[in-house]
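Biologist: I would like to learn how to read empty space inside a protein. Could we go through it on one example?

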Amino acid sequence: LSGATVSIVVGWAVTLRSPIAVSVASALTVALLAPLTFFDPIFRSEWNAWDAGGWCVPWLSRMGALAAVGAATLIIVVRRLRMPERLLTGRVPPRLAPRCREAGDVPSLSLRNVRKSFGSSPVIQGVSLSARSGVVGLLGANGAGKTTLMRLIVGAISPDVGEVVIGRCKRTTAPGIGFQPQDFHVPRGVTARAYLDYWAIENGLTASRRRRDKVDQVLEIVGLQGEAERLVDEFSGGTRQRVGVARALLGDPDILVLDEPSAGMDVIAREGLRSVLAEYGREHLVLLSTHIASDLEAVADRLLLLDRGQIRFDGRVADFVGSVEGRVWELRVHRNDLAGVRANHEVLSSRLEGGAWVVRVLTEPGTKLSGTEPCAPTLENATIAAIRTTSPAASRALTDLSFLAQVPPPITPILRQSRSRN
């Protein structure tokens, strides 16, 4: 009877995941078990034997079993309810986290000489920066350390040297960050609403009505209110990314960290995402990493260029683009002349137009090319120029187009020869 009572009451409390339920469960357990135990004749006889100075093994066994069951029950309840979670897992649940921002404070992020290595390979090398509300864009080549830097900021990994400060708290205890990683796992057979409902609970929204309203709100923000009951498995890559953005917005975070959020999105979804980030950045801090330069040109107030674990540029997007003003030229060349253009110039971009290549090249300051005029540079042009300056090997991999000058033979005659042989 005692075991059944404990199982029913604790199960009810764990299902509700509420501190009030824990209190009621504790009171009911004590109220039901104490009288049953006290008036049990066997227990009373054992107590009398103990009181008389006898050594009663059954009584000690019963007390030990009761203590073990009570301890196990307590651990299960507090872990499911996430109350003293930091003692058990090192994490701080949002509703119990210390206040890192007082009323009137602006969301802020500070990195102080942060370094991180994996084995003998340094990935982040002495990064220091401070940021407040607004949209901060993070650019860099593959392997520059962008994802590692984001994981350091959100606390997924710890720095070897230095510290990350969120508002008034160090990163080890600071809440208030929403994170969308580049790749995130969604269990099979889960709808968008169920997935977001789970993460809303993880963000401390235990009240069912409030949680439902918040899930509806973020679904509407990312334009998925009509897809809430569909399985996430059925979504395209771009739609799945929008679910990730919705998850990051659930806790109304002071700092929103997004790693390639627009990957796979169509132009309409990307435009909607830009509007969401621009609006959210008015009162919060948004850190956005993407390889789509037009997204940063549209919404970023500030740009960070990361190269080999170090910040090479920190400033306004217009200033970064202006650094190559008057040095970008556009040439129209025949396909067979492309290799020669690359041998004599720094190629930034190219496109095929009317059977010829339209190539943008970078020149040294003060250098002019005959027969053409300098064109307005883009953020993509400035990024490749900066990476080429700091890391020539990486930039050559981006702009080596010489293989395109070698026109392969048509495949149709080859297929015909193969069929005739057969």
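Modeller: A cavity is a set of grid points where a 1.4 Å probe fits but cannot get out, and its lining residues have an atom within 4 Å of a point. Rolling a probe the size of a water molecule over the atoms shows where empty space is left. Keep in mind that this is a predicted model.

Biologist: How many cavities of 30 Å³ or more does the count come to?

Modeller: The count comes to two. The largest has a volume of about 60 Å³, and the second largest holds about 40 Å³.

Biologist: Which residues line the second largest cavity?

Modeller: Its lining consists of Pro 261, Ser 262, Arg 270, Leu 273, Arg 274, Leu 277, Leu 288, Asp 295 and Val 299. Helix 10 (267-280) and helix 11 (293-299) each supply at least two of these residues; helix 10 gives the most, with four.

Biologist: What classes of residue are found in that lining?

Modeller: Five are nonpolar, one is polar and three are charged. The lining of the largest cavity, by class, has 10 nonpolar residues, no polar ones and no charged ones. Among them are Leu 109, Leu 149, Ile 153 and Leu 287. Strand 2 (121-131), strand 3 (134-139), helix 6 (146-154) and strand 8 (285-289) each give two or more residues to the lining of the largest cavity.

Biologist: How many residues does the largest nonpolar core have?

Modeller: That core has 54 residues, and Phe 320 is one of those with the most contacts inside it. A second, separate core of 25 residues includes Leu 149 and Leu 287, both of which also line the largest cavity.

Note on methods
Residues numbered from 1 in each chain as written. Predicted model: local features only at pLDDT ≥ 70, side-chain atom pairs only at ≥ 80, totals over all residues. Heavy atoms only, no water. Core = buried A, V, L, I, M, F, W, Y, C linked by side-chain atoms within 4.5 Å. Buried < 20%, exposed > 50% of the residue type's maximum accessible area, 1.4 Å probe, protein only. 1 Å grid on protein atoms, 1.4 Å probe; cavity = no way out; pocket = protein on both sides within 12 Å on 5 of 7 lines; lining within 4 Å. Points joined across faces, edges and corners; volume = space filled by probe spheres on them. Nonpolar A, V, L, I, M, F, W, Y, C, P; charged D, E, K, R; others polar.
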